[in-house]
Amino acid sequence: MTVAESVGEQRAKDLLQRQLEPNKKNRAREGQKLQPATEPLKPFAPFSWDDDILLAVRKLNALPGVDRVTMGDGSGTELDVRHIETKEHLETLLQKYVRESAYSRGDIDTLISLNITGEYLDKMGSQRLYHKAFMYLSARPVIISGTPFELTVAFAGNPGLAVAHPDKVLTANVVSRTSKTPLALDFSGVMMKVDLISDSVILNETLPSIERLLEDKYRRYDPNHHYIHEWRNGGTLHTNENQNLLTVYGPHPFGLEYSSEALARSLAQRYLNHVANLESQQFKGKKDMKEGL
């Protein structure tokens, strides 16, 4: 990656302040006895774990200095989502994804056969298809302390999101080559991971200042925090009762990996409860043979 020439030093400092500086609530705790965070920690400002795919696309496009934002499935297929603002436009691109993905080979039936899709029961009990594998959003360059990073946000399909928040579900309408009939493929992605990584040669000069910023931020959340040199090579930086993790690795390439399964697990349980309720309603009023046991 190269640093965009149009990104000035002042813009980099402004972006750095918004992304790494502790929020006002945590500043108010200074001078008090430090306690582990009890609320979910935002993975990477301005992102939150409950952001849906469309909202994440909008936030990536709003980051200063970014000139490329893409969406892909890890197969090497990337779609340009720069300047995407509406649900309809993003759904059109998802239809293009199904046609062009190296996994699908242009056919939704291939996605089904590869177990990349699954079936679920929506809020009304109707059976639908959803994309259950990971989808990735990437933005570059994200400038931190004058250093270019690539930011990647990973979403995993979760039918619980479709039950709890159907408005957050994106749908690609595609045609099956086998049946020649239209099929609706839902994308109910839940944020699971945020990665920031850089292999820039500039790291040789800027890494010390980045490490100091990380130390200053995370000691406010965890009184038992470890110093940067102990976090490298896959060390866990922060964890709390909400199962939020930050792993720092380096020094070259240098990266931060934020991850959380708390929301995904909660939504998965929400879906199991939903299915159990549907089944209970299905057999409600039917004669019970418990006396025959």
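The following dialogue discusses how to read confidence, salt bridges and nonpolar cores in a predicted model.

Biologist: What is the average pLDDT of the protein chain?

Modeller: Since this is a predicted model, confidence is a sensible place to begin. The protein chain averages a pLDDT of 77, and 72% of the residues score at least 70.

Biologist: Which element has the lowest mean pLDDT, and which the highest?

Modeller: Helix H2, covering residues 24–27, has the lowest mean at 38, whereas H3 has the highest at 95. Over residues 1–41 the pLDDT stays under 50, although the model has 73 contacts beyond four places in sequence for these residues. Where pLDDT is low, the predicted coordinates should not be read in detail.

Biologist: Let us turn to charged side chains. How many salt bridges does a search of the whole structure find?

Modeller: To look for one, we ask whether a side-chain nitrogen of Lys or Arg lies within 4 Å of a carboxyl oxygen of Asp or Glu. The search of the whole structure finds seven. One of the pairs is Arg58 with Glu85, whose closest N and O atoms are 3.7 Å apart. Arg58 belongs to helix H3 (residues 53–62) and Glu85 to the loop between strand E2 (78–80) and helix H4 (87–100), so this salt bridge ties together parts 27 residues apart in sequence.

Biologist: Are Arg58 and Glu85 buried or exposed?

Modeller: Neither word applies, because buried means under 20% relative accessible area and exposed means over 50%. Arg58, at 34% relative accessibility, counts as partly exposed. Glu85 is likewise partly exposed, at 42%.

Biologist: Which parts of the chain does the salt bridge between Asp186 and Arg128 link?

Modeller: The side chains of Asp186 and Arg128 meet at 2.6 Å, N to O. Asp186 is in strand E8 (residues 182–187) and Arg128 in strand E4 (residues 127–131), so the pair links distant parts of the chain, 58 residues apart. Asp186 counts as buried, with 2% relative accessibility, while Arg128 counts as partly exposed, with 27%.

Biologist: What joins Arg140 to Glu150?

Modeller: Their side chains meet in a salt bridge of 3.0 Å, N to O. Arg140 lies in strand E5 (residues 134–144) and Glu150 in strand E6 (residues 147–157), so the pair ties together parts that are 10 residues apart in sequence. Both residues are buried, and Arg140 has a relative accessible area of 18%. Through salt bridges that share partners, Arg68, Glu78, Arg140 and Glu150 are joined into one network. The side chains of Arg140 and Glu150 also make a polar contact, at 3.0 Å.

Biologist: We may now consider nonpolar residues. Which residues touch the most other members of the largest nonpolar core?

Modeller: That core has 49 residues, and Met71, Leu90, Leu137 and Phe254 touch the most other members. With neighbours within four places in sequence left aside, the contacts of Leu137 include Ile53, Val57, Leu60, Met71, Leu151 and Phe155. A second, separate core has seven residues, among them Leu161, Val190, Met192 and Leu267.

Biologist: Where is Leu94, and what is its relative accessibility?

Modeller: Leu94 is in helix H4 and counts as buried, at 1% relative accessibility.

Biologist: How far apart are the C-alpha atoms of Leu94 and Leu170?

Modeller: Their C-alpha atoms are separated by 8.4 Å, while the two residues are 76 residues apart along the chain. Leaving aside neighbours within four places in sequence, Leu94 is in contact with Met71, Met135, Leu170, Ala172 and Phe187.

Definitions and conventions: Residues numbered from 1 in each chain as written. Predicted model: local features only at pLDDT ≥ 70, side-chain atom pairs only at ≥ 80, totals over all residues. Heavy atoms only, no water. Helix = DSSP H or I, 4+ residues; strand = E, 2+ residues; numbered from the N terminus. Buried < 20%, exposed > 50% of the residue type's maximum accessible area, 1.4 Å probe, protein only. Polar contact = N/O pair within 3.5 Å; in protein donor to acceptor, adjacent residues only side chain to side chain. pLDDT = per-residue confidence, 0-100. Contact = heavy atoms within 4.5 Å. Core = buried A, V, L, I, M, F, W, Y, C linked by side-chain atoms within 4.5 Å.
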